[in-house]
Amino acid sequence: MKKEMLRKAFGIAMASVMAISMVGCGGGGSSSSAAPASEPKSSAAPEASSAPEEPSSAASEASSAVESAVSAASEAGAEASDITIGVSWCAIESQMWAEYQNTIKAECESLGVTYTESVAENDVQKQNQQIEDFISQGVDAIIIAPADGEAVVSAIQECNEANIPVIMANRAAGEGCEVYATISSDNKAMVKREIEYIVSITPEGTKYRCLELVGSLTDVNAIARQEGFEETIAEYPDMFELVSTVPTEWKGDQALAGVQNTFSADDTVNFIFSPSDALLPSIISGLQQLDKYAKVGEDGHITLVTFDGAADAVDAIREGYVDVVSVQDATNQAKLCVQAAVDAAAGKEAQDYTDAGFEVSSQNIESEYADFTGY
Amino acid sequence: MNTLKKLKSIDAIYWFVAVFFIAALIFVPGFANLAALERLLSQGCVLIILACGVHLTVLNGGVDFTSTALLALTTVVGGSIMSTKGPLGGSAGALFLGLLVMVLLGLGFGIINGFSITTFKMPSFIVTMATQMIVNGLAVVYTGGASVTGMPSAFAKFGKGSIFIFPYLLIVAIGVAVVMHVITTKTLFGRQLYAVGTNHKAALISGVSPRKTIFKAYVLSGICAGIAGIVMLAYMQSGSVNYGATMFNDIMGSIIVGGTSPAGGRGKIANTVMGALLINMIDSVLNILGIPYYFITLIKGLIILVAASIDLIRMERKAAR
């Protein structure tokens, strides 16, 4: 009896291993239109589909540029439909990344480019392995959204050896490797622009006592935003005073604790700089608990300056609670990534793929960006 | 009949590795080429070494959570010592000093773990969880969270080099595994390890010192973590506080799939190495197939569950015989 059971169990196990490999094979072929489970932020999808009709003319320029690139690619003999692009995500942890992911998928689908992805959950070693696996898979170009630009260098070196072009999405790679293009925003310049916007609308004699939240110290963008903020406020010493700097490692709970601790230590703080909208919900709930969440222009309003352009932030601006957000145009950046990847696979020269970004504030949200919903 | 018996007596994990490997060779495009196999082998090295170390602590009924944190700490400390951007300018001496410090760090925290567990009679998971937090904290304080780069070229060659398709790093990993195998099977300490894991009191009565045995297991696990740090640093060519962040499940997975009892007293190093290879192969194959990450975790979990239950059924059968 037991023997029978054992045999069955073993048989099932063998079958399951084989079945998994089979399913895997099937998945491999059809992974162009990513499997349903790879859309963790499905709520972001409807927004995403409306997002491409954004006011930003840059986006439409980009898409027409992609089309021209593809036609150039097909002229060059490399049909877009022959191209496979591997995308290595650090993690889909914010609406910006979800928008990025959805746009790249959609863009690949519309161009007939085969899309395949891996998500590293911010584990840099895992990301390196996944990139190596793309090499084994024989993709034509790899788009990398790195968890850590420095630690990903050794994997990029292997891509270089295998002659597979690498496109960096949103975050630059460290030294010692070659990338075809880096698609990102000038984070420092963007933060500078939004702080200068605040300066421009602030009546003379106002004194801002600032709480600065910092992202992850291994993230070049986080550092650029920190530098942008600190350097810009240093230009206006009469207006800004930095009271506290709180590292968050991009974690909401640490941002919340940072807000609570800062206000318990110093109740006069009236300005918060958030380096990402991913931290904004935590900041808002911290302020609500402290009874300090007031609208722009109301008594006791804490000036809130943030970054990314997530739907949460844009809603909060529309409702009048947040002052300004610097928007990295994730839709545009994602399209630029695909454009660069297609260019690279076709063997074309790299162009300038910088995304300028834009600011949405309580002043222009009802006019210039009335249709903008964020990511 | 005899060969059938022999085949049946082979531990389940070997079947799993063999079936999965052959299935992958046949069905997975891009897997059956030498460069891909070499990459696969170099990816598994850190996991093999860490799993061997933790294996010893599981054998006596404990666990070592510190190992993944030590992996990260050793890469940032060792990396900063040997870095060409460091004060020693990446000289040969710096390289040697870096390697030495990495092993010593592992040894040091192994001693702290072993001492706390045996002297204060604290459960190993509490002690090693606490030291894990301390070690993680130290790594972040030491670097400010930034990664360490600029490894000397000799070290880079070591990290990328191979003989045929066998990376140098794999040779280190197999070396560690062989030493651990000999320690667990051929030495008095090894036999005591199993004895303490099976029955603490009986071991004590029969003259084995559980304190010494347990202490040594944690020290060895610490040293393994230090060596794993060296291999990781060579493989990645940079040190980061983030290394090992999601690795602990894979370590325990390797040990459990290999048929080691989490309650202690039973398990073979060779099987744990096979477990690590299996987990690494599953990761790699599913990646190559373009399966989304969340599915990979799910499938890995299922396979560990199936493998562990099959092993248990077999053990029960053996016991009934």
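Two residues are in contact here if their C-beta atoms, placed from the backbone, lie within 7 Å. Keep that in mind for the helix pair below, and keep in mind too that this is a predicted model.

**A helix pair in chain B**

Let's start with helix α5 (residues 92–119) of chain B and helix α6 (residues 124–143) of chain B, whose axes come within 9 Å and cross at roughly 145 degrees. The crossing of α5(B) past α6(B) is right-handed. Which residues meet there? On the α5(B) side you'll find F109(B), I112(B), N113(B), S116(B) and I117(B), and they meet S124(B), V127(B), T128(B), T131(B) and V135(B) of α6(B). Sorted by class, this contact has five nonpolar and five polar residues, with no charged ones.

**The core**

Next, the nonpolar core. The largest one has 203 residues, and the ones with the most contacts inside it are I167(A), C337(A), A341(A), I49(B), L50(B) and V231(B). Helix α11 (residues 210–236) of chain B gives the largest share of this core, 18 residues. Domain 1 (42–185 + 330–356) and domain 2 (187–327) of chain A each supply at least three residues to this core as well.

What surrounds I167(A)? Setting aside its neighbours within four places in sequence, I167(A) is in contact with A141(A), I143(A), V179(A), Y180(A), A181(A), I183(A), C337(A), A340(A), A341(A) and A344(A). As a rule, nonpolar side chains tend to be buried together in soluble globular proteins.

**Chain A as a whole**

Chain A has 12 helices and 11 strands, and 55% of its 375 residues are buried. Take the contacts in chain A between residues at least 6 apart in sequence: 76% of them join residues at least 24 apart.

The domain assignment splits chain A into domain 1 (42–185 + 330–356) and domain 2 (187–327). Each side puts 11 residues into the contact between domain 1 of chain A and domain 2 of chain A. On the domain 1 side of chain A, the residues touching domain 2 of chain A are two nonpolar, five polar and four charged.

Helix α10 (residues 280–289) of chain A is worth a look too. Its buried residues are L280(A), S282(A), I283(A), I284(A), G286(A) and L287(A). What covers them? The cover includes α9 (252–265), β8 (271–273), β9 (303–308) and α11 (311–319) of chain A. After α10(A) comes D291(A), with a positive phi near 60 degrees.

**Two loop residues with positive phi**

E121(A) and F164(B) are both non-glycine residues with a positive phi.

| Residue | Phi | Loop |
|---|---|---|
| E121(A) | near 50 degrees | between β2 (114–119) and α5 (124–137) of chain A |
| F164(B) | about 55 degrees | between β1 (162–163) and β2 (166–167) of chain B |

Are they buried or exposed? E121(A) counts as partly exposed because it has 17 C-beta neighbours inside 10 Å. F164(B) has 7 C-beta neighbours inside 10 Å, so it counts as exposed; the cut-off for exposed is 12 or fewer.

**One more exposed residue**

E319(A) sits in helix α11 of chain A. E319(A) is exposed because it has 11 other C-beta atoms within 10 Å. Where does K295(A) come in? It lies 24 residues from E319(A) along the chain, and the C-alpha atoms of the two are separated by 7.9 Å.

How values were computed: Residues numbered from 1 in each chain as written. Chains lettered and ligands numbered in written order. Predicted model: local features only at pLDDT ≥ 70, side-chain atom pairs only at ≥ 80, totals over all residues. Domains from an automatic or database assignment. Nonpolar A, V, L, I, M, F, W, Y, C, P; charged D, E, K, R; others polar. Axes fitted to C-alpha atoms, helices over the stretch in contact; angles between N-to-C directions. Helix = DSSP H or I, 4+ residues; strand = E, 2+ residues; numbered from the N terminus. Left-handed = near helix turned anticlockwise from the far one by under 90°. Buried ≥ 20, exposed ≤ 12 C-beta atoms within 10 Å, placed from the backbone. Core = buried A, V, L, I, M, F, W, Y, C linked by C-beta atoms within 7 Å.
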